[in-house]
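Okay, thanks everyone, let me put this one up on the screen. I'll go through the sheet, then the helix on it, then the pocket.

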Amino acid sequence: MVKHIILWTLNPELSDEEKNTVKAGIKAGLEGLLGKVPGLIDIKVHISGRLDTSNCDVMLDSTLTSFEALKAYAVHPAHVEVADNKVRPYTVQRTCLDFETD
């Protein structure tokens, strides 16, 4: 299995209300991919409970069956649509950690 972890920082020019709306949209969009993207076996987006010690706003924690499934997920039309419409327009930084698990 492969873990795919993403941390995003939202555009600081967004108001708190806009940030909350954007975070909810990212969560709904990405979590809605479960069952639509082959090889995606778990996906959670963390948008609340952020402590002041954090330096990012949103976390994606997903699990895929293999590295090949991760590569297919990256270009899957449903994922690309969420990324292009709900994530990329509102984020200024992305950090990714992909790794294999037992």
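One bit of wording before we start: when I say that two strands pair, I mean that DSSP finds at least two bridges between them. With that in hand, take S1 and S4, which run antiparallel and are joined by 9 bridges. And please keep in mind that this is a predicted model.

So, the sheet. What is the order of the strands? It goes S2-S3-S1-S4, an open sheet of 4 strands with antiparallel pairing. S2 and S4 are at the edges with a single partner strand each, so each has one side left without a neighbour in the sheet. Going from one strand to the next, the twist averages 15°.

Now let's walk through the pairs. I've given you S1 with S4 already, and if you want a position to look for there, Ile-5 has Leu-97 as its bridge partner in S4. On to S1 and S3: these run antiparallel too, with 7 bridges joining them. You can follow that pairing residue by residue. Val-2 stands opposite Leu-64 in S3, Lys-3 has Thr-63 as its bridge partner, and for Ile-6 the partner in S3 is Leu-60. Then there's S2 with S3, an antiparallel pair over 6 bridges. A handy place to find that one is Ile-43, whose bridge partner in S3 is Ser-62.

While you're looking at those strands, a word on burial. How many residues of S1 are buried? It's 8 of 9, so this strand is mostly covered. S3 is mostly covered as well, with 6 of its 7 residues buried. As a reminder, side chains in a regular strand alternate between the two faces of the sheet.

Okay, what lies across the sheet? Helix H1, residues 16-31, lies across S1, S2 and S3, and it runs at about 170° to S2. Pick out Ala-24, which is found in helix H1. Is Ala-24 buried or exposed? Well, somewhere in between: its relative accessibility is 39%, and because the partly exposed class lies between the 20% and 50% cut-offs, Ala-24 counts as partly exposed. If you want to place Ala-24 against the sheet, Ile-6 is 18 residues away in sequence and 16 Å away in space, C-alpha to C-alpha.

Next, a loop residue. Ser-48 sits in the loop between strand S2 (40-46) and strand S3 (58-64). Its relative accessible area is 65%, so Ser-48 is exposed, the cut-off for that being over 50%. From Ser-48 to Met-59 you go 11 residues along the sequence, and the C-alpha atoms are 9.7 Å apart in space.

Last topic, the largest pocket. About 220 Å³ of space lies in it. Which elements give two or more residues to its lining? Those are strand S1 (2-10), helix H2 (67-75), helix H3 (77-87) and strand S4 (91-100). The lining has 14 residues, and the ones nearest the centre are Trp-8, His-79, Ala-83, Arg-88 and Arg-94. By class, that lining comes out as 9 nonpolar, 3 polar and 2 charged residues.

Right, that's my tour. Happy to rotate it if anyone wants another look.

How values were computed
Residues numbered from 1 in each chain as written. Predicted model: local features only at pLDDT ≥ 70, side-chain atom pairs only at ≥ 80, totals over all residues. Heavy atoms only, no water. 1 Å grid on protein atoms, 1.4 Å probe; cavity = no way out; pocket = protein on both sides within 12 Å on 5 of 7 lines; lining within 4 Å. Points joined across faces, edges and corners; volume = space filled by probe spheres on them. Nonpolar A, V, L, I, M, F, W, Y, C, P; charged D, E, K, R; others polar. Buried < 20%, exposed > 50% of the residue type's maximum accessible area, 1.4 Å probe, protein only. Axes fitted to C-alpha atoms, helices over the stretch in contact; angles between N-to-C directions. Contact = heavy atoms within 4.5 Å.
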